Every structure is written in C-alpha cells, then in structure tokens.
Amino acid sequence: MADTSSPSLSSSGRSSLPADDSFRSYISGGWADRPDGTPAPRIAAPYAAARRLRLSALHPGKRLIVPAGPARVRSNDTDHPYRAHSAFAHLTGWGADAVPDSVLVFEPVGDGHEATLYFRPAAGRDTTEFYANAAIGEFWTGPRPSLAHVAADLGLETADLSAFDAVLDAVDADTLLVRDADPALTDQVDGRRLLAAVDAETVEEEGDATLARDLSELRFVKDEWEVDELRAAVDATRRGFDEVIADLPNAIAAVRGERVVEGTFNRRARIDGNTVGYDTIAASGPHACYLHWTRNDGPVVPGDLILIDAGVELDSLYTADITRTLPVNGRFTDVQRRVYEAVLEAADAARAIVRPGIRFREIHAEAMRVIAAKTAEWGLLPGTAEESLGDGQWHRRYMIHGTSHHLGLDVHDCAKARRELYLEGVLEPGMVFTIEPGLYFQVDDTTVPEEYRGIGVRIEDNILVTADGCELLSGGIPRTADDVEAWMGSLA
C-alpha cells in the first residue's frame, strides 16, 4: 500500500512530501470542476427522522451528543475499515458512506430538539489537506461530500465539524452522550460537565447509561425500511451460501479449507454489501463444537459436517445472521442426520409459538424442551428430560448458549436494553430476531457414545414477528436434511 507516514508536509523517518511554494501551487491547480448535485433524500431519511423524534421525546431539555466515532488503528498507521457507531447510523440513516468523526447533536429547543449533523466536508484543492494529510486528504482516501449534499441526502441540518467546538463550550452537567462511540470526545465532554456542575454530585452519572439504554430499546421494533433491509441482507447471505457450496471442492483440496469457505462467503459480502456482519464461522468437523470458532484454519474433510455461521452486512449496516450445517460430501450419515433433525425439531418448535404477546424467553424454553427430550431419549442424561428441565439442566451441557437474540444494525441488536424488556419482554409485530438451537458433542466428551463425538450442529434462522404469528425471513435457504442434500447436489 502507499506510504501514509506523512500526515502533513513535514518529513518523517522514511518519507517526505515537497514543501516548496511552487509544488503547492502546481498541485492545487489544473483540476476540473466536480459537480455536487443536490440529491433527493434517501429512502431511509424519513424513518431516521421519526426515530429522532422518539428519542427527543424521551429526553426533554437535555442536550444529546451521538458521535459516529473515529477511525480505529489496526496497526501503526493502518486503520480498521471504518464503520460508524450503530446508534449514529440508526438516527441519521448514514451507513457505509458516513464520514469518520461526525457527530449528531440534539439541541433542546422548547418541548423538543433541533438536530444538527456536524461532519468534515470536502476540503478545497487549494488546501494542504487535499494532498498532504494521509488520514483524511482526498488524494489518499477519496472525496467527501459537501454540507449541502449531506443535508439534502439525509434530511438533516448540517454544519462543519470545526463548528462543533461551540457545542463543547455549551456543554453543561445535563448534557448526555453515547460514551462508547468516541473515547477522546467522551473525555472532553466529561471534563466540561464536571466544570459546569455545581458540585460533582450534580453530574447525572446514570444519564449516559439511560441514553444508551433508550437507544437500544428504540431498535426493538423495526420499521418498514429496516425490515426491507434485513430481507435484502438475508437474500445476499443466501447467495453467499450458494457460492460456498459450489466452491467446496476447492475447500476440500486446501490445507486450510475453512479459510477457503470464509473467503468465498466474505467475497459475496463485499460484492453485495459493505462487509460481513461479524467474523464468519467456518467450523468443519470437531471445530463445529466450538461455538465461536473464527480461526477457520482447519481442513474440510469429506464425511464430516461443516457449520457455517455467516451474514452479509449491507451498505445500510443492517446484517443477516444465518447458520447452516452441511455434510461436506453432500450426504448425512445416519448419526449426523439424527442429530441434525433433532436440532431442526427444536428450531421448528420454537418458531411455532412465536406470535405477539408471548415473552421472548418462552422461545428458548420451547427449544430446550426438545433438546432435553432428545438427549434423554438417546441416553445421554443422568435422569429424565423432566428432571433436566427442572433443577438438573444436564441437557445444557450440549447446548450452553441461548436460542435467540435480536437482530438489526448489530448482529446482537438492542444489547443495552433492560432485561425486563429483552429477555422478559413481550413480542410485538416488527421485532426481528434469530432462532438458533444446536447440539455440540465435543470430540473428547466421554458422556456421549463415540459415534456422536466431534459432531456439532446449529441451525439458525431470522424471524420477523407479524400481526398474527411470524415470518421465516430465511426460509429460502434450505433447512431440512433432505432439502440440504438436494441443495448441495444441485450446486455440485
């Protein structure tokens, strides 16, 4: 990659840029005008505006600061790919094209707020930033939009990031912010709040936590645009799974075949969206028994199962989260099929009870009822299924994780919501979550017969709660053992 060691005209230990006036004059001239037309508001704009109104109503009279966050260093002067904070994306509709370091500010006015988006707009080609600043200069990272362009695009008031200093100067003890988005900005706001307070106790320590909680809970029920994005993310994920299956011969031939699977899926994510929504799990053979196996450095062996947990994140930053467990050679053995069909039965039983009015935790309980029954039937438990579902919980040895989590901008969405609204919460139309039971018999687990050892199966689907039940958003991705075998045969 190009040397990025020169954030200004000064030299560094390994490189430098010309600093004389003749070079500055030459590089600043000879550029054609670049049109910056006024776009129509993006489809997400009115939905984001409605979310801002809901947040405003929850915090009357409070200044709210929601940063997008900075670029984050991966190693030395190499950054991770940029992704704005999810709360910022939710409230602005700005996704993969968001400008780093942007800040959304809710300024209290009367009974509500005026929202302004502060960001760093395009710099003129007559500035040294244009060519000499490796972190943000257009020569290095590409052009940025103008204030007017973003205002029209997002339906938001905009201001130059340099004007944000005035917001910091106005910070008082009641100002709230999203703390984890930009640590440096959080330090600045904390200092100013403390200085503005009559005494340290007047700074509401729980205020930021309440804001984070409210931002999570606002995302429980997805609007029409969000549901459409999640449908599109699932569709893209299906294409990724198709390509993984078609490419299995290359995975089998490679020493680290799991990496081939990962790379094939991730390529589709970059073609159809922004990236993957989380690190792809490509867990073949006994690796499928490790719930978050992301090293993906093992072989893909015919006769084994491969568990693939993957999702495409779109440019809007909404992600799918799908798991399919596939027989590498296209056919399940009898034991593999037995385990697979038990997991499928648990998934189907859990989905069958989903409707508005039930509690979220009931989904997990229904899946566990099947898992306990199957493991007891196979003689794996030291007692009955009923005893295990009571105080014993022995079946949880083979499925230690939960069955469901909310899904949206984050793969584990709404994570800072209150327990009484999440685990104990009542389902409403528009909620989207996963159902993902599994059975995992680790290769050295002596509590199970040898024929089960090294088998790990998870089936994960994305579910939308409807007015009278639910919709299986990922129903187009084969699920039954027979359908999985036919799917693999069709792509071989």
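In the predicted model, the four residues of strand β1 (residues 64–67) are divided between two directions: L64 and V66 point one way, whereas I65 and P67 point the other. In a regular strand, side chains alternate between the two faces of the sheet. All four of these β1 residues are buried.

Strand β1 has pairing partners in β7 and in β4. With strand β7 (residues 176–177), β1 pairs in the parallel sense, over two bridges. Within this pairing, I65 is placed opposite L177 of β7. With strand β4 (residues 103–109), the sense is antiparallel and the number of bridges is four. Here L64 of β1 has F106 of β4 as its bridge partner.

V66 of β1 is also touched by A87, a residue of helix α3 (residues 86–92). When residues up to four places away in sequence are left out, the contacts of A87 are V66, L215 and R219. A87 has a relative accessibility of 4% and therefore counts as buried, the limit being 20%. The C-alpha atom of A87 lies 26 Å from that of P356, a residue 269 positions away along the chain.

Helix α3 also contributes to the cover of helix α6 (residues 147–154). In α6, the buried residues are V150, A152, D153 and L154. An α-helix has 3.6 residues a turn, so residues three or four places apart point the same way. The elements covering the buried residues of α6 include α2 (45–58) and α3, together with the strands β5 (112–119) and β6 (157–160). Just after α6 comes G155, with a positive phi of about 65°.

Aromatic residues were examined next. The count of aromatic pairs in the model is 17. One of these is formed by W31 and F130, with an edge-to-face arrangement in which the ring centres are 5.4 Å apart and the planes make an angle of 85°. W31 belongs to the loop between α1 (21–28) and α2, and F130 belongs to helix α4 (residues 129–132), so this pair ties together parts that are 99 residues apart in sequence. The two partners differ in exposure: W31 is partly exposed, at a relative accessible area of 38%, while F130 is buried, at 3%.

Another edge-to-face pair consists of F360 and F433, with 5.4 Å from centre to centre and 85° between the planes. Because F360 lies in helix α14 (residues 360–377) and F433 in strand β13 (residues 432–435), the pair links parts that are 73 residues apart in sequence. F360 and F433 are both buried. They also belong to one aromatic cluster, formed by F220, F360, Y422 and F433.

As for the cysteines, the structure holds zero disulfides. For C414, the closest cysteine sulfur is that of C470, at 18 Å; this is too far for a bond, because a disulfide requires sulfur atoms within 2.5 Å. C414 is buried, with a relative accessible area of 1%. C289 is likewise buried, and its relative accessible area is 4%.

Key
Residues numbered from 1 in each chain as written. Predicted model: local features only at pLDDT ≥ 70, side-chain atom pairs only at ≥ 80, totals over all residues. Heavy atoms only, no water. Buried < 20%, exposed > 50% of the residue type's maximum accessible area, 1.4 Å probe, protein only. Pairing = 2+ DSSP bridges. Contact = heavy atoms within 4.5 Å. Phe/Tyr/Trp six-rings, centres within 6.5 Å; stacked < 30°, edge-to-face > 60°.
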